[in-house]
Amino acid sequence: MMKELHSQGTKIEDIVAVLKRTPIHSRIIQAIKSAYALGCDLKIVSDANVFFIDTILKHHGLKECFSEINTNPSFVDEEGRLRIFPYHDFTEHPHGCPHPCPPNMCKGIVIERIQASLSAMEEKKTIIYMGDGLGDFCPSLKLGDGDYMLPRKDFPVWDLVCKNRSLIKAEVCEWSNGEEFEHALLHFITKITIDKSNTNGNNAAQLYSDCKVQTMPGSSHQAFSQTLYVPH
């Protein structure tokens, strides 16, 4: 695609200009900044590419919020053309995943590597995974009890999660827009923090809210509401 665009006269500056116009809901930007400020270790697992992601994150002042970006490598060559390469070299070493992952990237393999690095730590870590594409189904199967899977409602991964709910060990909570994204993410960060404080014997303040979060129980695809705890 990039080769064709460049052959038609598209310059790298044109691509950058389009990337900077890519709409991101303001609440999603705020949610990322809030999660980072609360001490979360944020990582990106994406089937986009390094150039696209770096350009967008820097434009919105979010680059420093992420400790790791797992995506397809890319660079701008000496002729000013964007070159993109697969994360997995599927011609020489196909990942062989049986789930609907594209040949160039199995996000489940990436999550397994992240889980292995977390298991080496003394303190147990909880993963909150958010996604919307077909490629986000495989990593949802890798999550364990105590983790959270947040699929975007009415997108491909949500359909697969609904059809295969019994295969997912993590708690599932759907979201549809920027406000719900922020609400769900900060809710679970707060819940994890309170649970950790209670385990350590601390008296964490628990404030009830009349907000609701939509979760998907394992026995049914129908969402239900539950009362939230929110930070002061």
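I started with confidence: the protein chain averages a pLDDT of 88, and 86% of the residues score at least 70; pLDDT is the predictor's confidence in each residue, from 0 to 100. This is a predicted model, so I note the filters: local features need pLDDT of at least 70, side-chain atom pairs count only at pLDDT 80 or more, and totals for chains, interfaces and linings use all residues. Residues are numbered from 1 along each chain as its sequence is written, and side-chain values use heavy atoms, with hydrogens and water left out.

Next I looked up the weak spots. Residues 204–212 stay under 50 in pLDDT, and the model gives them 26 contacts beyond four places in sequence (contact means heavy atoms within 4.5 Å). Residues 219–232 are also below 50, with 42 contacts beyond near neighbours in sequence.

Then H6, which sits in helix α1 (residues 2–7); helices are DSSP runs of H or I, at least four residues, strands are runs of E, at least two, and both are numbered from the N terminus. H6 counts as buried because its relative accessibility is 14% (buried is under 20% relative accessible area, exposed over 50%, partly exposed in between; 1.4 Å probe, protein chains only). Leaving out residues up to four places away in sequence, I found H6 touching K11, I12, I15, G80, R81 and L82.

I checked G96 too: this residue is in the loop between β4 (82–84) and α5 (107–119), and is exposed at 64% relative accessible area. Its C-alpha lies 8.8 Å from that of C106, 10 residues apart along the chain.
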